[in-house]
Every structure is written in structure tokens, then in C-alpha cells.
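Thanks for coming. I'll take a few minutes on one structure, starting with the bigger chain-level picture and then one pair of helices.

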Amino acid sequence: MKKVEAIIKPFKLEEVKKALSEIGIVGMTISEVKGFGRQKGHKEHYRGAEYAIEFVPKIKLDIAVNDPEVEKVVEAVMNSARTGSIGDGKIFVTSLTEVVRIRTGEMGESAL
Amino acid sequence: MKKNPFFTYLALPVVSVLAFIAPGAANAAGVSQGLFTANNTWMLVATFLVFIMHLGFAALESGLTRAKNTTNILFKNTAIVAIGLLTYALCGFNLMYPGDFNGWIGFAGVGLSLPAGDGGLIGYADGAYTYYTDFIFQAMFAATAATIVSGAVAERVKLSSFLVFSAIFVAIVYPIVGSWKWGGGWLDTMGFYDFAGSTLVHGVGGWGALACVLVLGPRLGKYVNGQVKPILGHSMPLATVGMFLLWLGWFGFNGGSVLSADPGLVSLVFVTTSLAAAAGVLASMITSWMVQKKPDLSMILNGSLAGLVGITAGADTVTVMGSIIIGLIAGVLVVFSVMFFDRVKIDDPVGALSVHLVCGIWGTLAVGIFSTNADHKLWVQLVGVIAYGVVTFAAAFGLFFALKGIMGVRVTEQEEMEGLDMHEHGVAAYNGFQTTNQ
């Protein structure tokens, strides 16, 4: 079991959600985060003084998937989240040691 | 002739009605009861319009400061209204209007004393307003002067010290210097003119604010390595709501300063006031757009207030064109003032010094330039500006400096970093929201 963690541009969320549901992914968690990579930030003015905006708002998606599905999911996210400009984001895939469904106590793949 | 009771009973209501509508029917003041009622009613409307400016200040100051200090800002603004009104009743009113006095300082006694009979009613101000109307209208002005300081010292002043300072400032300093003009004192005798308080309210508040800010020092992280680090306001909607409430209140602030419902004067004042505000917005918009490359909302909010403060000294004696020019110049002045104060490391989170002090001085001098009344002289206006500046600044500086020694005037570094809401009040303004620390 793997966790696919995707950091995407906020306005891409609906598109990514739709693309994932089209391949059968029905559950995910999102959080509002800020970050920067090579996009860095830019300079703005407030009341006559300059300041740097470094952290850019992003959306993070956490999706738990079965091993065979990982490649499909990564591809779906990538294609729907891409704009071609700097700041499109990143996808991290990590191993999940255990997954538990709280309501029933199911564990492992049946909890996904 | 035999007396017919019918006519006696008819005569009473007829005469009463005639007293209201007949132009010839008047009292000793020469004003009919109907006109007196109209005048007094307008003055009471103006009173609560000025009152709502406190909500305007609260919203504007909250919006332009950080979320972690919002409860503190709201608390200060609420407390000041109470302190202002109560001290004005206790002593402020009678310090500001001491009656016959030496022109510098006088006191008509503790508390309010309603003159007997018509003396407190139609005879009090020649049928313009009652004694109580006079008190409550002026009391709202006093509280407004006190609240100007709260924006400048925001985010780092110690609450208790601020409340002590405000109480003494509004109870003693404000009314004594105010008596020099509105109380019939030496500046009034000299011909100094301040229609609604560019100096007496805004200048006084501004000098007080400057004194406190100098004693207090800038916020942590504002001036680093010779650079100005902007500290962004947390709510532009709140700030905008605040500005519009203040503009709304100004209809009463200036409109009520006519001190009657005189249709010609009040309508003129409405026009000059609003056009100056509009001109202030326009000029600050153009100026900040040119200087900052993008138009800054907080600057044009300050711009409208700058125009309003600028017109306040002469709203009833300048032409329409004059009011627009005054507003335009105020709008330019406020933008450069904001940047100037940052340049010399005087930290003013909301632009109170730029709006109230700088444009208060401008508005007062502008009377000497633009007034249609030939008795208004520029050099006399300047004397007034300097007199108020020297005395008010010295008093405020001395007072706040003393408080610094006695009880401290600034929160600790940790309190400032974590926010005054939790440390001074124990209640966050936005429960359930995540606010990031800056």
C-alpha cells in the first residue's frame, strides 16, 4: 500500500478530483498549504515599502492506494494538474505500513 | 361682553398651533419652537453620526493590523468611548467651555449642570440646541480625538498604560487646549478658525499619537537592517467598512458643527466634505499607483480620510472648488507622509499620523488660503497650529514618558510576537481559525 501525496496549484483541485474519480479513486484528504520550490516568490509593495512573497498557496492531496494502482494515480494527477508553468507542484509516493478503517476495524487493503 | 366658555376652550389649541406655524410667534430667543425642534433634532442626528465613527475606527484599525491583535484593538476602541464620554461629563465639558475665563485655562465646575428653564432649552443657544444636546454632541468629539492615538500605538502598547494615558489626555489636555478656540479663548480672540476640528480634534489626536509612538518605539521586525519590512493588515474588508463608516460619521462631524440645521450651511458642508473625501481618494490613488506601481487599497482608504480631515477646518467657508483642491492636496500628502514616517523609523500601523496630524495641519492652514472669509488669515492659522503642536505634544510626551517610568508602556517581546489577544485578553479574535504568526 502506498500513499500518494500531491502538491498542486489550488485552482487545479476540481480537475484533479475529477480525473481521480474517473479512474476509480473515491477517497482523499486535502489540506491548504504554502510552499515554494524553484517558483520562489515575487516582490510586492505595501504602503510604500517592498516585501517578498516567498510562500505560495498550494493544495496538498493525500491519497492511499493499492500498489498496482499507484502508476495510474500518479499519471492521472500529473496530467490534470499540469499547466506547464513554474509552480505546478510535486508528487511524493511513500510506503504505508498499515491502514485501518476506524468504523469497522478492517486493516490492510480492505481498509483502502 | 359675556365670556363664552366655548371660545376659551377653542382658543387654547388654536393659539398653540399658531405658536408653531405662525412666523411671528417666537420666544425670547427670536426663534420659533418649530425651528428650535428642527435645529435640535439635526444636532442629535449629527451626534449619533459622530458616534458611529468609533465603529469606523475599530474596523479600520483592526483591518490594517494583524489578526493576533484584533481583540486588543477592539477592546481599546470600546474602552475609549466610555472613558471619553464619562470624563467629558465629569470635567471635560466644563474645561472646554469654561464660560468667562482668562482665555488660557478655566473650569466651569465638576459635572453637568442644566441651566434652569428655557436657559437649558430654547434659550441655551438661541434656539439651535439644548444644553444636553450641546454636551452629548461635543462629548462624541472628545472621544474621537482620544481614539486617534490607539491606531498609532497598536500591536505593542500595554493596555493598562494606554487606558491611563487616554483618560488623562481626553479629560484634561484635549478640553483645555480646545477651550482656546471653541471655548472662546485666546486663539478665538485672535481670529483663529477651526470649523469642526482639523486642529482641535485631529491635530490634537495626531500630536498625542506622535508623542506616544516616539516613546513607544516601532513594532518588532518593522525596521530591519535599514530596511522597512511591511507588516500587512489582516482584513481589507474590515478596513474598508471602517473607512466608509468614518465618512458616514463625517456628515455629522462637519454637518453638526454648523451648530444648527441651517439649510444653506449644512448642505454646503455636506458638499465640501464629500468632495474633499472623493478628491482625497483620487489623489492618493494616482500617487500610490505611480509610486508603488500598483494601486494600494490601504492608501486610498487613508486618502479619503485625509481629504476629510483636510476639509474639517474650513468646510463651511471654502468654495466647492476649494474643497476639491484641499482634498487633492491631502490625498497626495498622506501617501508621502506614510512613506516618510517609515523612512525615519516612526512606526504607524494605520497611518494615523499621516491622516490626522499631517492633514490636520494642512486643513488648518488651508483655511488661511482658501477661506472666502477675509477675516481668516494664514499667519493666524499658523500660530494656532504651532501653539497646539507645542503644548499638546509636550503634554502627551511628558505624560506617556512618565507612564513609561512608572508602569511601562510596552508589552514584552514574547507577548508582542505571540499576539496581544492571548496575552492581554486571553481571548483570540478568530476562534476556530488558524492564524499564522508573523
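When I say helix or strand, I mean a DSSP run, with at least four residues for a helix and at least two for a strand, numbered from the N terminus. On that basis chain B has 16 helices and two strands. Keep in mind that this is a predicted model.

Overall dimensions next. The C-alpha atoms of chain B fill a box of roughly 100 × 45 × 45 Å along the principal axes. The radius of gyration of chain B is 23 Å, which agrees with the value near 22 Å for a compact globule, because the chain has 438 residues. Of those 438 residues, 54% are buried. Among contacts in chain B with a separation of 6 or more, 78% join residues 24 or more positions apart.

Now the helix pair. In chain B, α10, residues 263-292, packs on α11, residues 297-311, at about 140 degrees, and the axes are 7 Å apart. Angles over 145 degrees would count as roughly antiparallel, so α10(B) is oblique to α11(B). The crossing is right-handed. On the α10(B) side the contact includes B:Ala276, B:Gly280 and B:Ala283, and on the α11(B) side it includes B:Gly303, B:Gly307 and B:Leu308. By class, this contact has eleven nonpolar residues, ten polar and no charged.

Last, how many residues does each chain give to the contact between A and B? Chain A gives six and chain B gives 14. In chain A, β3 (42-46) and β4 (49-53) are the elements that supply two or more residues. The chain A side divides into three nonpolar, two polar and one charged.

Key: Residues numbered from 1 in each chain as written. Chains lettered and ligands numbered in written order. Predicted model: local features only at pLDDT ≥ 70, side-chain atom pairs only at ≥ 80, totals over all residues. Contact = placed C-beta atoms within 7 Å. Nonpolar A, V, L, I, M, F, W, Y, C, P; charged D, E, K, R; others polar. Rg over C-alpha atoms; globule rule 2.2 N^0.38 Å. Buried ≥ 20, exposed ≤ 12 C-beta atoms within 10 Å, placed from the backbone. Axes fitted to C-alpha atoms, helices over the stretch in contact; angles between N-to-C directions. Parallel < 35°, antiparallel > 145°, perpendicular 65-115°, else oblique. Left-handed = near helix turned anticlockwise from the far one by under 90°.
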